[in-house]
Every structure is written in C-alpha cells, then in structure tokens.
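Colleague: I have a model on my screen and would like to learn how to read it. Can you take me through it feature by feature?

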Amino acid sequence: MGNERISVIGGGLMGAGIAQTFAAANYEVCVFEPFDEVRKTLVERIEADLVRIGADASASANITATADLAEAIGQADFVTEAIPERLDLKRNMFADLVAKAPRSCILASNSSVMPIGSIAEGLETADRIVGTHWWNPAVLIPLVEVIQGEQTSDDTISTTMSILTDIGKKPAHVKKDVPGFVANRLQHALWREAIAMVAEGVCDAQTLDDCVKNSFGLRLPVLGPLENADLVGLDLTLDIHRTIMPELDTSSGPNPFLEEQINAGKLGFKSGEGFRSWSEGEMATLRGDLFEHLVKAQNERAKA
C-alpha cells in the first residue's frame, strides 16, 4: 500500500479532510474541484489544518487540485466522491467516474446516509462501487464505514479496507446496504429519544446532554453497547428491556417539536438558539473543547 494514485471529488470540508488524511500518509492525491475559490484555497487550507493538529505541514505538498475531472481520475487507483448529499448529483458524478476512470479503479462514495445501491443502480461496473462513510472531522475521527452494495465485489471491499487501514483509519465492513449504515442509525436513534424527552418535558436540553456526558458517554470509548450487554448479562438486559422498550419513542418520522423549533427560526449555532441558547463565546468554547478532545484522542491512539 502507499503506491495507489488517489483522487478525491470535491474540495469542501469533507473532501479536503479526506485528501489531507491520504496526503499525511504519503499518498499522492489529486482533488477535483470545479469552483475556483474553493480549489485555489485547498492546499492552503489543508496546510493550515495540518499545523493546527500538530502534524507535518509539508504533507500538503502531496496534494494537487484541478478543475478537469478527466485529469483528476484518468490514472487513479482509488477515487472518493465527497460532493453534496443529493442523489441526482451523486448519480451523475458516478456515471462520469465509470466512464472516465480506469476499469481497475475503485469508486467510493462518502455519502453519510444514502445506500450505495441507490447511487450505483443501473451503472456499469457496479462491482467496483463502494460506500466509504467518513466522519467529520475526517482527519480526527478514525471510523470509516465501508458499505457493500449488492453488486460490490469482495475484492473491492478487501482492497478498500486495506487502503483505509494503511492510512490509520478504523474501517468497519457494513455487510447490508441500509440507509444510515451503522453509526448514524445508532446516533439518530439516540437523538430521536433525546428530542422526544425534551418535547415531553422530562428534562431540559442541558440536563439531557449532561446526563449523557456524565454517565454512559464516559464508558463509550472502551465499552460498546453490546459489550455492555454482555458485561451486565443478557438475562438482566432482557429484564430491563421488558420494562423500558414499550416506553421509548417509536415515531416513524421527525418529532413535531423539532419542526416547531425550525419554524420558529431556532436553528442551533446558525441562529444562536436551538434546543438551547448560545452566545458567541459559548459556541467557540464548545468547538474548541471538541477539537482538543479529538486531537488528544488521536495522539493517544498514535502512542498505543
């Protein structure tokens, strides 16, 4: 590994982070970005982020950017698409990738929720099309979900897993192509119950977040939910579920309370108020705390 020619489609937040991760692992990366302002600042943004996380800024020299798709992917071995979450855009892009990339090139989509089958449907060479869901920020979150569509070959999966492992990621093979994959389904199941409890007046938003951060949230880095079930015993887990499961929210769509917040102009950090009110200082502190936590965790993983 390390000799593959990497292409990234899109130089925005996620595309830049993906390109940076490959470049920091000594891969040569070509980024396709059609918008001049985004493309011209790409290497500069990546260099600044490398400095910010305490990495070698010279890795940015491994990255080039172009507005010519054929130039970006004409000799690529592995392409990652990171364009907006619209199915029509992704399908059009993958039609171009199928037509212009070498037949041996793996074509990966960074969609966070769309089944890879919906993107690859009807396209030739779907055996080489795979989902690779990176998490934001791409350079600091180790997980990349590798989603196998119905037509994705086992060789495509194994090669993708190997490349991601080589750059220091923790790839997870998702064997069934379902919307949201694994981690987002778990995350939004938690959000559904959290929003429902606030809507029902069980507690306010800050109390709910404090409950998560000061209880099971502390265990999650070392104890996953099914490990926890095994730890306490499946018999106890079953007894608890008999009581709690009937009480959990089972909405099949977004909670009306969420829609009410949005209709009232409460959009979160974008407007200064969402489930909670946020000052500029509070927003900056939370962003800073999150960044420092992720960098510390990354450094600890590197030492292990």
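**Reading the model**

Modeller: Start with a strand pair: E1 and E4 run parallel and are joined by 4 bridges. Keep in mind that this is a predicted model.

Colleague: Which residue stands opposite Glu81 of E4?

Modeller: Ile9 does.

Colleague: How do I read the side chains along a strand?

Modeller: In a regular strand, side chains alternate between the two faces of the sheet. Now take E4, residues 78-81. Phe78 and Thr80 point one way. Val79 and Glu81 point the other way. All four are buried.

Colleague: In which sense do E4 and E5 pair?

Modeller: They pair in the parallel sense, over 4 bridges. Phe78 stands opposite Ile106 in E5. To get from E4 to E5, the chain passes through helix H4, residues 87-100. This β-α-β crossover is right-handed.

Colleague: Where is there another β-α-β unit?

Modeller: Look at E2, H2 and E3, which make a right-handed one. E2 and E3 run parallel, with 4 bridges between them. Val31 faces its partner Ala65 in E3.

Colleague: Now a helix. How do I check the length of H1?

Modeller: Use the rise of 1.5 Å a residue. H1 covers residues 13-24, which is 12 residues, so it should span 16 Å. Its end C-alpha atoms are 16 Å apart, and that agrees.

Colleague: How many residues of H1 are buried?

Modeller: 10 of the 12, so the helix is mostly covered. Among them are Met14, Ile18, Gln20, Thr21 and Phe22.

Colleague: What follows H1?

Modeller: Asn26, which has a positive phi. The value is near 70 degrees, and the residue is not a glycine. Asn26 sits in the loop between H1 and E2. Its relative accessible area is 60%, over the 50% cut-off, so Asn26 is exposed.

Colleague: Which other residue has a positive phi although it is not a glycine?

Modeller: Phe181, at about 60 degrees. Phe181 is in the loop between E8 (170-174) and H7 (183-199). Is it buried or exposed? At 3% relative accessibility, Phe181 counts as buried. The cut-off is under 20%.

Colleague: Next, the interior. Which residues touch the most other members of the largest nonpolar core?

Modeller: Phe22, Val29, Ile63 and Trp134, out of 29 residues in that core. Several elements each supply at least two of its residues, including E1 (6-9), H2 (36-52), E6 (129-134) and H6 (154-166). H1 gives the largest share, 6 residues.

Colleague: What is Val29 in contact with, leaving aside neighbours within four places in sequence?

Modeller: Its contacts include Ile6 and Val8. Ala19, Phe22 and Ala23 are also among them. So are Asn62, Ile63 and Thr64. Apart from this core lies another, of 26 residues, among them Ile83, Met93, Ile129 and Ile147.

Colleague: Where is a cis peptide bond?

Modeller: Read omega. Between Asn136 and Pro137 it is about 0 degrees, and the bond is cis. Pro137 lies in the loop between E6 and E7.

Colleague: Where is Pro142 placed?

Modeller: Pro142 is in the loop between E6 and E7. Its relative accessibility is 21%, which counts as partly exposed. What does Pro142 touch, not counting residues up to four places away in sequence? It touches Lys169, Lys170 and Arg301. Pro142 and Gly168 are 26 residues apart in sequence, yet their C-alpha atoms are 7.3 Å apart in space.

Colleague: Finally, step back. How many helices and strands are in the chain?

Modeller: 13 helices and 8 strands. The radius of gyration is 21 Å, close to the 19 Å that the globule rule gives for 304 residues, so the chain is as compact as a globular protein of that length. The C-alpha trace spans about 55 × 45 × 45 Å along its principal axes.

Colleague: What share of the residues is buried?

Modeller: Buried residues make up 40% of the 304. Check sequence separation too. Among contacts between residues at least 6 apart in sequence, 66% join residues at least 24 apart.

Methods. Residues are numbered from 1 along each chain as its sequence is written. This is a predicted model: local features need pLDDT of at least 70, side-chain atom pairs count only at pLDDT 80 or more; totals for chains, interfaces and linings use all residues. Side-chain values use heavy atoms; hydrogens and water are left out. The expected span of a helix is 1.5 Å times one less than its number of residues. Buried means under 20% relative accessible area, exposed over 50%, partly exposed in between (1.4 Å probe, protein chains only). A nonpolar core is a set of buried Ala, Val, Leu, Ile, Met, Phe, Trp, Tyr and Cys residues joined through side-chain atoms within 4.5 Å. Contact means heavy atoms within 4.5 Å. Two strands pair if DSSP finds at least two bridges between them. A crossover is right-handed if, with the strands pointing away from the viewer, the path from the first strand over the helix to the second runs clockwise. The radius of gyration is taken over C-alpha atoms; the globule rule is 2.2 Å times the number of residues to the power 0.38.
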